Amino acid sequence: MRAADLDIRKLLDVDARGGVVRFAGERAVIVDAGALGRLREELVRIAGYAGARAVLTRFGVEHGARMAEAMVSRLPWDSDAELHGAGALLHTLQGFIRLAPGDTSPLASRGATLLSSYEAEQHLLHLGRADEPVCWMLAGIASGYMTRATGEAVYVIEDRCIGRGDDVCHFQGRTSAAWGAALEEHLPFFRESDLDPSLREPAQPALRRATIGRALGAKASVLPLAAPRGEPPIPLVAESPAMQRALDRARRVAPVDSTILLTGESGAGKERVARLIHGASARAAGPFVAVNCAAITETLLESELFGHARGSFTGATHDRAGLFEAARGGTLLLDEVGEAPPGVQAKLLRALQERQVRRVGENASRPVDARILAATNRDLAADAAAGRFRRDLYYRLRVIEIHLPPLRERREDVLPLARALLAAAARRLDRPVAGFTPEAEGALERHGWPGNVRELENAVEHAVALASGGVAALDDLPDDVRGAAPTGGEAGEAPAARTLEGVERRAILAALERHGGNQARAAAELGIGASTLYRKLRKYARGAG
């Protein structure tokens with residue numbers, strides 16, 4: 001038998017009445033990939049990355065060895081090479097991977113390349129981008145399969161991974177002798193005897209922190225959302241009806257490959273919702289690429305989005321693909337799209353209509369395959385009506401619109417979100433902080449949050465970093481949050497000024513004072529753009545004059 005002859009219809013046997021599923025003659029179960037992703041998340045929280053990798057790698061080794069045993073004992077193979085090549089094809093049929101054309105075995109000289117990996121997809125969704133390859137179980141499966149198929153110990157190592165931002169996942173399999181010293185850092189994850197003793201100790205502190213974090217946020221509807229650089233996921237909390245409606249719409253449209261416009265104030269969570277949509281879509285295994293259209297000049301933005309040819313302008317020393325091409329098979333977020341210059345708007349419209357881009361300095365167009373999400377804190381409808389934004393591009397982007405309300409309009413979310421952010425910050429900073437004092441919670445509820453969720457996240461991290469005990473007290477909060485006006489108002493201050501302009505102005509001036517007048521640092525703390533801060537300061541100056 002040849003590997004190419006494998007047929008899932010012949011390998012899969014389902015006894016509907018008895019409730020028994022067999023794959024290649026072995027008892028099997030069908031498990032939701034998202035549930036496996038949550039299991040991975042819990043393993044990382046409880047045992048850390050090293051412990052989770054060890055558990056999943058060894059589980060994969062056992063799974064791969066059992067599948068190889070079934071292949072060896074039940075099917076007649078034309079050659080050992082066909083048996084070896086059947087492993088990757090077998091796990092393609094099981095839904096684990098999608099092989100690059102022509103690749104069959106990690107034992108080949110060039111290794112095996114995967115165009116998609118369920119494991120990388122789930123890691124990105126639940127834990128964010130990692131610094132190292134994360135297809136631990138798949139490496140274990142390949143190792144176990146090849147070890148049983150060849151009769152000698154084979155170790156399969158991943159050196160490129162979609163989960164850390166690479167275009168593909170790549171695996172190389174060799175014997176221990178062939179790997180030599182390069183295997184030493186990986187060997188502990190395959191064999192318990194080589195595992196660091198600290199990883200075998202009970203993980204009670206980590207388990208306790210995870211339990212506390214869940215208990216504090218138990219009332220809220222929390223959706224885990226991938227954060228960059230492999231940090232723990234930052235939650236999206238929806239206690240308020242307005243936010244629940246927004247997230248419900250995001251979940252419903254995620255599987256549909258339509259263009260989505262996300263609207264809302266700076267710091268309201270537009271990029272986080274965009275990542276949620278990407279992670280819940282069929283493109284989750286592909287890249288998530290974001291570009292801030294307000295942060296780049298028109299010439300550079302055009303090159304960044306569409307790419308350029310060598311020699312097309314000064315400094316263009318080589319051909320370069322743009323972000324539309326880099327997001328192939330994934331999602332491209334056009335953040336602050338309302339700030340895009342008119343020339344770029346015209347080219348964006350053409351790219352969306354034709355699904356093609358033309359690099360700067362080239363005459364030929366290139367097809368693109370990326371889902372487009374756009375985000376803005378501007379009123380694009382008004383800008384389009386006033387001629388400040390292309391009306392045709394506005395309607396092309398606004399196939400589906402999701403508006404994220406500011407934090408001041410969803411007060412029910414402030415404390416649940418603050419508690420969830422505190423649990424994440426405590427894990428990230430390794431601080432034993434489990435909650436807030438009542439006085440601190442009162443201040444959090446009263447504050448106007450002009451910087452929205454981004455400002456709240458910074459304030460919570462500030463409190464966690466300064467907390468001297470197991471809870472964050474009022475004095476641990478930033479000055480402007482701690483001094484927020486009571487809900488009843490101050491004498492002589494109009495409600496609108498207290499809840500919007502007045503609170504916002506106090507927050508901005510306090511941030512500037514803390515950073516010695518440095519506008520860039522103050523804007524970063526508040527979660528707003530430097531240009532937004534500059535406009536507001538000019539407004540305050542005019543008012544003072």
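Colleague: Which residue follows helix 5, and what is the sign of its phi?
Modeller: The model is a predicted one. In it, helix 5 covers residues 136-150. The residue that follows helix 5 has a phi near 85°, which is positive, and that residue is glycine 151.

Colleague: How many of the residues of helix 5 are buried?
Modeller: A residue counts as buried when its relative accessible area is under 20%. In helix 5 the buried residues include Trp136, Met137, Tyr145 and Ala149. The helix is mostly covered, and the count of buried residues is 12 of 15.

Colleague: What span should helix 5 have at 1.5 Å a residue?
Modeller: The expected span is 1.5 Å times one less than the number of residues. Helix 5 has 15 residues, and its end C-alpha atoms are 21 Å apart. That agrees with the expected span, which is 21 Å.

Colleague: Which residue comes just after helix 4, and what phi does it take?
Modeller: Helix 4 covers residues 118-127. Just after helix 4 stands glycine 128, and its phi is positive, at about 85°.

Colleague: Why is helix 4 described as largely enclosed by the rest of the structure?
Modeller: The buried residues of helix 4 include Tyr118, Glu119, His123 and Leu127. Helix 4 is largely enclosed because the buried residues number nine of the 10.

Colleague: Which residue forms a salt bridge with glutamate 119?
Modeller: Side chains of opposite charge can pair when their charged atoms come close. For glutamate 119, the closest N and O atoms of the pair are 2.1 Å apart. The salt bridge links distant parts of the chain, since glutamate 119 is in helix 4 and its partner is in helix 2, 79 residues apart. That partner is arginine 40.

Colleague: Are glutamate 119 and arginine 40 buried or exposed?
Modeller: Buried means under 20% relative accessible area. Glutamate 119 has 1%, and arginine 40 has 3%. Glutamate 119 is therefore buried, and arginine 40 also counts as buried.

Colleague: Which parts of the chain does the salt bridge of arginine 428 and glutamate 461 tie together?
Modeller: The side chains of arginine 428 and glutamate 461 meet with N to O at 3.0 Å. Arginine 428 lies in one helix and glutamate 461 in another, so the pair ties together parts that are 33 residues apart in sequence: helix 16 and helix 18.

Colleague: What exposure class do arginine 428 and glutamate 461 fall in?
Modeller: The class between buried and exposed runs from 20% to 50% relative accessible area. Arginine 428 is at 27%, and glutamate 461 is at 30%. Arginine 428 therefore counts as partly exposed, and glutamate 461 also counts as partly exposed.

Colleague: Are aspartate 413 and arginine 410 buried or exposed?
Modeller: The side chains of aspartate 413 and arginine 410 meet in a salt bridge, with N to O at 2.9 Å. As for the class of aspartate 413 and arginine 410, both are buried.

Colleague: Which residues are linked in a network of salt bridges?
Modeller: The count of salt bridges in the model comes to 20. The residues linked in a network of salt bridges are Glu339, Arg378, Asp383 and Arg388.

Colleague: Where is asparagine 452, and what is its phi?
Modeller: Most residues other than glycine have a negative phi. Asparagine 452 is found in helix 18, where it counts as buried at 0% relative accessibility. Its phi is positive, near 60°.

Colleague: In which loop is glutamate 336 found?
Modeller: Glutamate 336 is another residue other than glycine with a positive phi, near 50°. At 14% relative accessibility it counts as buried. Its loop is the one between strand 14 (331-335) and helix 13 (342-354).

Colleague: Is aspartate 131 buried or exposed?
Modeller: Aspartate 131 is placed in the loop between helix 4 and helix 5. Together with Glu132, Glu184 and Glu185, Asp131 forms a negative surface patch. Over 50% relative accessible area is the cut-off for the upper class. Aspartate 131 is at 58%, so it counts as exposed.

Colleague: How far apart in space are aspartate 167 and leucine 114?
Modeller: Aspartate 167 is found in the loop between strand 6 and strand 7, and it is exposed at 68% relative accessible area. In sequence, aspartate 167 and leucine 114 are 53 residues apart. In space, C-alpha to C-alpha, the distance is 9.5 Å.

Methods. Residues numbered from 1 in each chain as written. Predicted model: local features only at pLDDT ≥ 70, side-chain atom pairs only at ≥ 80, totals over all residues. Heavy atoms only, no water. Patch = residues over 30% accessible without salt bridge, like charges linked within 9 Å, V, L, I, M, F, W, Y side chains within 5 Å. Areas by Shrake-Rupley, 256 points an atom, 1.4 Å probe, with all protein chains shown as cover. Salt bridge = Lys/Arg side-chain N within 4 Å of Asp/Glu carboxyl O. Lys, Arg positive; Asp, Glu negative; His and termini not counted. Charge placed at Lys NZ, Arg CZ, Asp CG, Glu CD. Helix = DSSP H or I, 4+ residues; strand = E, 2+ residues; numbered from the N terminus. Buried < 20%, exposed > 50% of the residue type's maximum accessible area, 1.4 Å probe, protein only.
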